[in-house]
Amino acid sequence: MFTTALAQREKTQPGQLPLDLFSAIESLKKELNAVILAHYYQEPDIQDIADFIGDSLQLAKAAQKTSADVIVFAGVHFMAETAKILNPDKLVLLPDLNAGCSLADSCPPKEFAAFKAAHPNHLVVSYINCSADIKAMSDIICTSSNAVKIVQQIPKDQPIIFAPDRNLGRYVMEQTGRDLVLWQGSCVVHETFSEKKIVELKIAHPQAEAIAHPECETSVLRHASFIGSTAALLKHCQNSSSEEFIVATEPGIIHQMQKLAPQKRFIPAPPMNNCACNECPFMRLNTLEKLYWAMKNRTPEISMSEDIRLAALRPMQRMLEMSV
């Protein structure tokens, strides 16, 4: 299973890797009383070793419920922060601290504070793909799984700021009929899909069903017969009578799709250029080797001030209450 690329990466690590990383990680899990939470966009090896795989909402709920002493979060920084917000007394590890998020980075706290001040009396609904600082300035957190449901529960006369993803915000506006004030952030991966290439794929595969994540631009969403979160896309592929799918989201999810529906074919939607831009460069910073070293050395650890954590906890709790 391990390749020359793995051997090259070993040279950069502070010690010798065990021959069987899967077995070594399982031993560390028992030693630390640790749980490994992984997002669907992680590399297949990490998905296969994880105790729980899910989208942002599923992972938030799993983090809230775990009895483990150590949470190893195989995802990006804001996800590990979310786990720490919900579990202040647990050790939360992220295999690579540089595993950030272009969407979270597109909403700097200072600029967002000024934006919020310019729209007084607005309720702030923030997509979970944001930093702890932005969560702390929010009234309610949402995910792509529950954003529509959350907004539908807010009184119609209550003005709303929706941040940071403009594409998800536009989708929520279409689904709810609400007029939202949108922060103009976006995900570099979901904005890279080519409408032209998706149309060409649909012509080449007339029986294929196009499915998409709501972080995609409107020009892509209009070609999809089903739009949903990563978890919703996965469930749809299992339940749909279609045998072939064009998948417009980060292609890491295809590993689970193939495992759960091995008889079906999944075609990743191509980016605009001939590159791997449809793969999240931040998600892919985590590797099985880094996950092992994080558990072995109990670092990198996620931490934040208690003031920020408590302020961010309140909108997280509101989300979980409204998502029952």
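How many helices and strands does the secondary structure of the chain come to? In this predicted model, the count is 16 helices and 12 strands.

## Overall dimensions

The chain has 324 residues and a radius of gyration of 20 Å, which agrees with the value near 20 Å that a compact globule would have. Taken along the principal axes, the C-alpha atoms fill a box of roughly 60 × 55 × 35 Å.

Of the 324 residues, 57% count as buried. The chain exposes about 14,000 Å², and carbon and sulfur atoms supply 51% of that area. Among contacts between residues at least 6 apart in sequence, 63% join residues at least 24 apart.

## The sheet containing β1

An open sheet of four strands runs in the order β2-β1-β3-β4, and its pairing is parallel. At the edges stand β2 and β4 (91-93); each has a single partner strand, so one side of each is left without a neighbour in the sheet. Neighbouring strands of this sheet are turned against each other by 20° on average, direction ignored. Strands of a sheet pair through backbone hydrogen bonds, either parallel or antiparallel.

The pairings can be followed strand by strand. Three bridges join β1 to β2, and the bridge partner of H39 in β2 is G54. Five bridges link β1 with strand β3 (residues 70-74) in the parallel sense, where I36 stands opposite V72. From β3, a further three bridges lead to β4 in the parallel sense; the bridge partner of V72 in β4 is L93. V72 is thus placed opposite I36 of β1 and is also the bridge partner of L93 in β4.

Strand β1 (residues 34-39) is mostly covered, with six of its six residues buried. In a regular strand the side chains alternate between the two faces of the sheet. In β1, A34, I36 and A38 point one way, whereas V35, L37 and H39 point the other way, and all are buried.

## The sheet containing β5

Four strands form another open sheet, in the order β6-β5-β7-β8, with parallel pairing. Its edge strands are β6 (140-142) and β8 (181-182), each of which pairs on one side only. Strand β5 (residues 123-127) and β6 are joined in the parallel sense over three bridges, and V125 stands opposite I140 in β6.

Helix α7 (residues 109-117) lies across β5, β7 (160-163) and β8. The helix runs at about 160° to β7.

## N129 in the loop after β5

N129 is found in the loop between β5 and α8 (132-136). Is N129 buried or exposed? N129 has a relative accessible area of 8% and is therefore buried, the cut-off being under 20%.

Not counting residues up to four places away in sequence, N129 touches S56, F78, L103, A104, P164 and E215. One of these, L103, is 26 residues from N129 along the chain, and the two C-alpha atoms are separated by 6.6 Å.

## A210, H223 and their surroundings

A210 lies in strand β9 (residues 209-212). With a relative accessible area of 7%, A210 is buried. Leaving aside neighbours within four places in sequence, A210 is in contact with K202, H223, A224, S225, F226 and I246. The C-alpha atoms of A210 and L57 are separated by 23 Å, and these two residues are 153 apart along the chain.

H223 is found in the loop between α12 (218-221) and β10 (226-227). Which side chain does H223 join through a polar contact of 2.8 Å? The partner is the side chain of E195. Apart from neighbours within four places in sequence, the contacts of H223 are E195, I198, V199, K202 and A210. K202 is in contact with A210 and also with H223.

## Helix α14 and its cover

In helix α14 (residues 253-260), the residues I253, I254, H255, Q256 and M257 are buried. What covers the buried residues of α14? The cover includes the helices α3 (44-49) and α13 (230-239), together with the strands β2 (52-54), β9, β11 (244-248) and β12 (265-268). Of these, β2 is an edge strand of the sheet containing β1, and β9 is the strand in which A210 lies.

Note on methods
Residues are numbered from 1 along each chain as its sequence is written. This is a predicted model: local features need pLDDT of at least 70, side-chain atom pairs count only at pLDDT 80 or more; totals for chains, interfaces and linings use all residues. Side-chain values use heavy atoms; hydrogens and water are left out. Two strands pair if DSSP finds at least two bridges between them. Helices (H or I, at least four residues) and strands (E, at least two) are DSSP runs, numbered from the N terminus. Contact means heavy atoms within 4.5 Å. Axes are lines fitted to C-alpha atoms, for helices over the stretch in contact, and angles run from 0 to 180 degrees between N-to-C directions. Buried means under 20% relative accessible area, exposed over 50%, partly exposed in between (1.4 Å probe, protein chains only). The radius of gyration is taken over C-alpha atoms; the globule rule is 2.2 Å times the number of residues to the power 0.38. Accessible areas come from the Shrake-Rupley method with a 1.4 Å probe; for residues, only the protein chains shown count as cover. A polar contact is a pair of N or O atoms within 3.5 Å; within protein, one must be able to donate a hydrogen and the other to accept it, and residues adjacent in sequence count only if both atoms are side-chain atoms.
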